Amino acid sequence: MKVVALVSGGKDSCYAMMKCIQYGHQIVALANLMPADDSVDELDSYMYQTVSWAPNNCELCRVHGIAIVQKTDTWIHKASRFMRHQKLSYRMTPGDEVEDMYILLNEVKRQIPSVTAVSSGAIASDYQRLRVESVCSRLGLVSLAYLWKQDQSLLLQEMITNGINAITVKVAAMGLEPGKHLGKEIAFLDPYLHKLKESYGINVCGEGGEYETLTLDCPLFVNARIVLDEFQVVLHSADSIAPVGVLHPLAFHLEYKAGSASLSGSRETENSIQEKTGLVFEVQGECPQNSEAMCLPVAEVTDSVEVTDNRLNISRRKKDNAFSICCWLQETQKTSAGLLDDLRVVLKQIESKLVRYGFDWGHVLYIHLYISDMNEFVVANETYVKFITHEKCPCGVPSRSTIELPLLEVGLGKAYIEVLVANDQSKRVLHVQSISCWAPSCIGPYSQATLHKEVLQMAGQLGLDPPTMTLCNGGPTVELEQALQNSEAVAKCFNCSISTSAIYFVVYCSTYVASSERLKIQEKLDAFLKQMRVWHFEERSMSKVLDPIFLFVLASNLPKSALVEIKPILYVTDDSETVSEIVQDLSCMKAPLHWGFQHADWHESCFQKCVVHEKICAVILSITCEIAARICSESLDASQSKDCQTSQADGGMGRLSRFCIYLLNKIIVENNFSWEDVTNLRLYFPTSLSMPMVTLSAIFSSAFDELAVMNPRMKIDGDSIFNLVPVLGAGRSATMDDIITCELFAQKS
């Protein structure tokens, strides 16, 4: 991509440009915001660094050999304009300091239409990153933040090793003295900064405002290096603990490098370079006050969507603090215009259902998007973004996983959606749109992870190399390892790990993965988590961790034609809790017997469960061909003869559905949970059953109705409490040969 780099003159923005070039991008312009009055130091902006701005941007052009677009900061001396929008996430706000950046980058786009991305040196500040991403989103640009979330000790050493020669021009931290540490090179200060980190916990890269830098030379300075001839130290605060001082350059010159050349490669003399003042472009203008002129329009869905009742199927699992809604269409091949039409219908129906219950898209935590053809993913996404937008989700857009399923083979339409909804707005969303070395970006309206009531729902992770956003080469196990590393990077943002906090993993395998390779995926997953767990034990002295359970699903296709997609669900403890307080398998009650089923030891082999601190219960229940044969061959007493005749008529599925519900009920009750605690229940079935989804839905609905009669405390209230999901295969192991696989998640309020 062709990139405009936001530069302050410091080490971070320069090294971010070096990383852009490393990953194959081309820097075509620089952009910076300069103070209106260079005699006044602006130290209070959370957004911009002006201490190390080049006194003459012509010099900045000359050392880089590249054009620069600059704008005078209109917010200087106007403190009330610094942060008019004071929330962490940013919305266009006239008069806010961020709008100067919008004007600046908008001018860059006008002058250089080929620019498609913006580079910034953000390392740890969500405040800065979110504002750069907001401006980029409004301008249709991609944010590149290759320093984001990097280990600061390693990053500082990397900068020094790779030729960043920068000096401190501001200090404002305990242990840093203006008269002693200003004007010093970062290579010289490196050991001392790490000493201060150990003593006082400072950020060694200065991300907490501890210090600012001015880059005098680096590999990007193709023509010359900056030589500081004279400077003045100005003390802004004589605080006895953390004095604040700034270095003012008074005189400097450029020392031209041997064989220096312009960006085009032609040799230029010092005089010819100095004459090339046209490389600097000044942007004028105040912040526009009209928000409509500032933002790209978001298409509103105003079309009336009609659907006949016999095509629409909605299920809802009620819950005090969270519940799920799913919607699918049946037999639409003759009535639908395609995926676009079906997806609009499903999204509109879910939206209407949310409104009916008093909610909106802002309450949605997670979305499972199932489509019939991954080749139409672009069409699906364009429709999706018309319904789920940042404007509708002020607390953050929901996380999402998208897979291709054999919907048409079981008599469904081309789109099927399931949403997890919260009854409040207490969710915490991680949404990083910048491309970085940290984890894959989510440029659209879906987030990497959503935390609500101690449960962290992660978006489906592919084996993408974060800085290039391309799938790793090497097959399914290599993709899996990268996907797990990406998941771990996300988990760290919530102070947890997939190796110690995971309740369960859903692993989607593409049908393009050979049967012989599927078991290797399971082996790789086990080995990776075991290795990570050992490391955590050694580093953090943990005594107990969660023992996660696993669900494998064979999908028709995955985004980007990936071979593997992984979706971890984690338990994130409150600050008052510790991992050692997490326990499993709290059997304390005896479940009633239903449909004549008697407890047998072999029932334990049908399921895995993870019970967390009496708050959460997750179950994966598998009915293999062997287990199904055993269930159907068991003798029934006389009172169950009618059920036996019914199950013969439906191929034994009636008997299997009752066994699944009996066993799930037993697990729930014996672990001191109830059906009212169930957030979602998915029933996966393979297309090899050759049974229409409508038929299977009726069978399970009938079984639940019977359970409700036998258990008066169970309330169904008309809506189905389960979601049927057609797949090519599923199971607790990578063989994925179950007849029915149940995924249940319950959480107490």
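**Exercise 1. How many helices and strands does the chain have?**

Solution. This is a predicted model. Its chain has 17 helices and 30 strands. Of the 749 residues, 58% count as buried. The chain exposes about 30000 Å², and carbon and sulfur atoms supply 49% of that area. Taking the contacts between residues at least 6 apart in sequence, 78% join residues at least 24 apart.

**Exercise 2. Describe strand 17 and its pairing.**

Solution. Step 1: locate the strand. Strand 17 covers residues 449-452.

Step 2: check its faces. Ala449 and Leu451 lie on one side, Thr450 and His452 on the other, and all of them are buried. Both faces of strand 17 are thus covered.

Step 3: find the partners. Strand 16 (residues 428-430) pairs with strand 17 in the antiparallel sense over three bridges, and Ala449 is the bridge partner of Leu430. Strand 18 (residues 455-458) also runs antiparallel to strand 17, joined to it by four bridges. Here Leu451 has Leu456 as its bridge partner.

Step 4: look at the turn. The hairpin of strand 17 and strand 18 has two residues between the strands, and Lys453 takes a positive phi near 50° there.

**Exercise 3. Which strands stand at the edges of the open sheet with the order 25-26-30-27-28, and why is one side of each left without a neighbour?**

Solution. Step 1: read the order. The sheet has five strands with mixed pairing.

Step 2: take the ends. Strand 25 (607-612) and strand 28 (723-727) each have a single partner strand, so one side of each has no neighbour in the sheet.

Step 3: add the geometry. On average, neighbouring strands of this sheet are turned by 10° against each other, direction ignored.

Step 4: examine one pair. Strand 27 (residues 678-686) and strand 30 (residues 740-747) are antiparallel, with six bridges. Within strand 30, Leu744 stands opposite Leu681.

Step 5: place the helix. Helix 16 (residues 653-670) packs on the sheet and touches strand 25, strand 26 (616-623), strand 27 and strand 30. The direction of helix 16 makes about 155° with that of strand 26.

**Exercise 4. Is Ile241 buried or exposed?**

Solution. Step 1: locate the residue. Ile241 is in the loop between strand 8 (224-237) and strand 9 (244-256).

Step 2: apply the cut-off. A residue is exposed when its relative accessible area is over 50%. Ile241 has 52% relative accessibility, so Ile241 counts as exposed.

Step 3: look at the surroundings. Together with Met174 and Tyr200, Ile241 forms a nonpolar patch on the surface, with about 300 Å² of accessible area.

Key
Residues numbered from 1 in each chain as written. Predicted model: local features only at pLDDT ≥ 70, side-chain atom pairs only at ≥ 80, totals over all residues. Heavy atoms only, no water. Patch = residues over 30% accessible without salt bridge, like charges linked within 9 Å, V, L, I, M, F, W, Y side chains within 5 Å. Areas by Shrake-Rupley, 256 points an atom, 1.4 Å probe, with all protein chains shown as cover. Salt bridge = Lys/Arg side-chain N within 4 Å of Asp/Glu carboxyl O. Buried < 20%, exposed > 50% of the residue type's maximum accessible area, 1.4 Å probe, protein only. Pairing = 2+ DSSP bridges. Axes fitted to C-alpha atoms, helices over the stretch in contact; angles between N-to-C directions. Contact = heavy atoms within 4.5 Å.
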